[in-house]
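Colleague: Could you walk me through this model before I go back to the bench?

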Amino acid sequence: MNKNNKSNKKHIITLIDHGIGYCTNNVIEINRILLEYPDLFEEILEHELEHFKGSSLMNDIKTDFLPNKYSFNFKRNLQWFFFHLKHPIFSLQTLRPVWHNKGALNYNGSVILSYLFFILIFLIMKYYF
Ligand SMILES: [Zn+2]
């Protein structure tokens, strides 16, 4: 998840009741249900903090699309699998490109980029094959 105005300010962590994890300005939002899954909570927190390590779009793309230290961790992937089975709504909410929350319109640049990529692949397949 990415937004503008990243800085080295201290980050505020707020608990939310939708999706999984997001970062906006210096606020990191994590679904409160993840408090019941400390390993997953820690992983999401690390992921969101990674977004603040650079201010460029490339950093966001790197953070969201390249493998991290947990990508090939079988136990962790199994934990996520069961989390997604148990909380499908929160998992599906992470696929929203835009959403309305507390009077503000939020967006997830990485999800928008993913959809644009799939549309591009679809168009290439449709017109060139
Ligand atoms: Zn992210």
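**Strands, core and a helix**

Modeller: Strand 2 and strand 3 run antiparallel and are joined by 4 bridges, strands being DSSP E runs of at least two residues and helices H or I runs of at least four, numbered from the N terminus. This is a predicted model, in which local features need pLDDT of at least 70 and side-chain atom pairs count only at pLDDT 80 or more, while totals for chains, interfaces and linings use all residues. Residues are numbered from 1 along each chain as its sequence is written.

Colleague: Which residue of strand 3 is the bridge partner of Gly-21?

Modeller: Gly-21 has Ile-30 as its bridge partner, and the hairpin that strands 2 and 3 form has 2 residues between them, with Asn-25 in the turn at a positive phi of about 50 degrees.

Colleague: What is the strand order in the open sheet?

Modeller: The order is 1-3-2 with mixed pairing, where two strands pair if DSSP finds at least two bridges between them. Strand 1 (12-16) and strand 2 are the edge strands, each pairing on one side only. Strand 1 runs parallel to strand 3, through 5 bridges, and Ile-12 has Val-27 as its partner there.

Colleague: Switching topic, is helix 5 buried or in the open?

Modeller: Helix 5 lies largely in the open, because the number buried among its 20 residues is 0; buried means 20 or more other C-beta atoms, placed from the backbone, within 10 Å of a residue's own, exposed means 12 or fewer, and partly exposed is in between.

Colleague: And which residues does Ile-28 touch?

Modeller: Not counting residues up to four places away in sequence, Ile-28 touches His-11, Ile-13, Cys-23, Leu-45 and Glu-48, contact meaning backbone-placed C-beta atoms within 7 Å.

Notes:
Contact = placed C-beta atoms within 7 Å.
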